[in-house]
Amino acid sequence: MNETILTGIKPTGKLHIGNYFGAIKPALELAKERQGSTMFFIADYHALNFLKDREKFKEYTYDVAATWLACGLDDENLVFYRQSDVPEIFELNWILSNITPKGLMNRAHAYKAIVENNLSEGKESDDGVNMGLYNYPILMTADILAMNSTYVPVGDDQKQHVEIAREIARIFNNTYGETFILPKEIISKNVGTIPGLDGRKMSKSYNNTITLFCDEQELKKKINRIVTDSSLPDEPKSTDCYIFKIYSLFANKTQIEEMTRKFERGISWGEVKKETFEVANSYLKDMREKYNYYISHPEIIETFLKKGAVLAREKASEVLKKVRENIGKVNF
């Protein structure tokens, strides 16, 4: 069987180092390791649920594309496309909506979290909930099934999306006959939660991120804001701290071993932050230059995306043809 690995990312803001180490880097490494076809897409219509500014919508879409390209995405060996350029996904979304149980959507984590929060604040359970948010998992399922995806790399907190896609595919197959591969999630065990500046999970919603391709001054400023304890410079320090985890993301094995010894002997937090900036800046410098080049040449980005859209539509059309036949629609 020809396996297909699918990875998507929403353009809802500037990408940060948590996005890179938690999703982008593992996905690119997986693409090199696995046989079969690899597909990366920008989930731009998913972002409409959060993003209502047309200029930001365009800006963030290009930002995601430039980031993937700067990080080493090679479209000679994979398919890179924009979700909104593949209309077959949205037709499939409607077809799947008609066999998806409402109860399955009620159990989706994002929807449940909003309902629980509303009830705790004495509001109507669905206050602030639009149908895009409620039906979000079905569109995500269409993204996955339209490409006959075998595997979907996700973080541990996102595996429910693939579980829902698998359940909807199973329901469709039971209703109309074998049509879809049942997708499986791939969860990287080598990547834990990336801590933000305050120690919580790095997230734009917490305002604790380090933007992946910010300039050197901004990078230094952000690293200097990382929360540390009040231990004195000559006191030994535990490597189980936020800044050591961030340092280790960028450092090589030898550098990590040396920093570990410095922690055991005693080192000032100022020196730790200085060395963290140096390894981070060295790691990101070349990629930052590539990112700045692509972001200043949107026509190059469009060329990549349009090329990928042709290939993605070819694959999605084959899947949708089978879907149409199985539900009884005549294909002309």
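Reader: Hi! Where is Thr 150 found?
Author: Hello! Thr 150 is in the loop between helix H7 (136-146) and strand E4 (151-153). Bear in mind that this is a predicted model.

Reader: Thanks. Buried or exposed, that Thr 150?
Author: Thr 150 counts as buried, because its relative accessibility is 5% and the cut-off for buried is under 20%.

Reader: How far apart are the C-alpha atoms of Thr 150 and Tyr 111?
Author: They are separated by 26 Å, with the two positions 39 residues apart along the chain.

Reader: What about Asn 148, where is its place?
Author: Asn 148 also sits in the loop between H7 and E4. Its phi is positive, about 50°, although Asn 148 is not a glycine.

Reader: Why would anyone remark on a positive phi?
Author: Because most residues other than glycine have a negative phi.

Reader: Fair enough. Which other residue has a positive phi, near 55°?
Author: That is Asn 207, again a residue other than glycine. Asn 207 lies in the loop between strand E5 (184-186) and helix H9 (216-224).

Reader: And how do they stand for accessibility? Start with Asn 148: what is its relative accessible area?
Author: Asn 148 has 23%, so it is partly exposed. Asn 207 counts as exposed, with 61% relative accessibility.

Reader: Let's move to Leu 182. Which residues is it in contact with, leaving aside neighbours within four places in sequence?
Author: Leu 182 is in contact with Thr 150, Arg 166, Ala 169, Arg 170 and Asn 173, once those neighbours are left aside. So the Thr 150 you began with, which counts as buried at 5%, turns up here as a contact of Leu 182.

Reader: Nice link. Where is the place of Leu 182 itself?
Author: In the loop between H8 and E5. Leu 182 counts as partly exposed, at 37% relative accessibility. Its C-alpha atom and that of Thr 228 are separated by 45 Å, and the two residues are 46 apart along the chain.

Reader: You mentioned H8. Which residues does Gln 160 contact, again without neighbours within four places?
Author: Gln 160 touches Arg 107, Ala 108 and His 109 when those neighbours are left out. Gln 160 is in helix H8, residues 159-176, and counts as buried at 12% relative accessibility.

Reader: Time for strands. How do E1 and E2 pair?
Author: E1 and strand E2 (residues 37-42) pair in the parallel sense, over 6 bridges. Leu 6 has Met 39 in E2 as its bridge partner. Strand E1 (residues 4-9) is mostly covered, with 5 of its 6 residues buried.

Reader: How many bridges join E2 and E3?
Author: There are 4 bridges, and that pairing is parallel. The bridge partner of Ile 42 in E3 is Arg 82.

Reader: Which residues are on the two faces of E3?
Author: Val 79 and Tyr 81 are on one side and Phe 80 and Arg 82 on the other, and all of these are buried, so both faces of strand E3 (residues 79-82) are covered. In general, side chains in a regular strand alternate between the two faces of the sheet.

Reader: Now helix packing. At what angle do H10 and H11 cross?
Author: Helix H10 (residues 242-250) and helix H11 (residues 253-265) cross at roughly 160°, and their axes come within 9 Å. That makes H10 roughly antiparallel to H11. The contact is made by Phe 244, Tyr 247 and Ser 248 of H10, with Gln 255, Ile 256, Met 259, Thr 260 and Phe 263 of H11. By class, that contact divides into 5 nonpolar, 3 polar and no charged residues.

Reader: And H11 with H12, how far apart are the axes?
Author: The axes are 12 Å apart, and H11 packs with helix H12 (residues 269-295) at about 175°. H11 and H12 are therefore roughly antiparallel. Here Gln 255, Met 259, Lys 262 and Phe 263 in H11 meet Trp 269, Val 272, Glu 275 and Val 279 in H12.

Reader: Last one: what is the crossing of H2 and H12, right-handed or left-handed?
Author: Right-handed. The axes of helix H2 (residues 54-70) and H12 come within 8 Å and cross at roughly 140°, and H2 and H12 are therefore oblique to each other.

How values were computed:
Residues are numbered from 1 along each chain as its sequence is written. This is a predicted model: local features need pLDDT of at least 70, side-chain atom pairs count only at pLDDT 80 or more; totals for chains, interfaces and linings use all residues. Side-chain values use heavy atoms; hydrogens and water are left out. Axes are lines fitted to C-alpha atoms, for helices over the stretch in contact, and angles run from 0 to 180 degrees between N-to-C directions. Angles under 35 degrees count as roughly parallel, over 145 as roughly antiparallel, 65 to 115 as roughly perpendicular and the rest as oblique. Contact means heavy atoms within 4.5 Å. Ala, Val, Leu, Ile, Met, Phe, Trp, Tyr, Cys and Pro count as nonpolar, Asp, Glu, Lys and Arg as charged, and the others, Gly among them, as polar. Buried means under 20% relative accessible area, exposed over 50%, partly exposed in between (1.4 Å probe, protein chains only). Two strands pair if DSSP finds at least two bridges between them. A crossing is left-handed if the near helix is turned anticlockwise from the far one by less than a right angle, and right-handed if clockwise.
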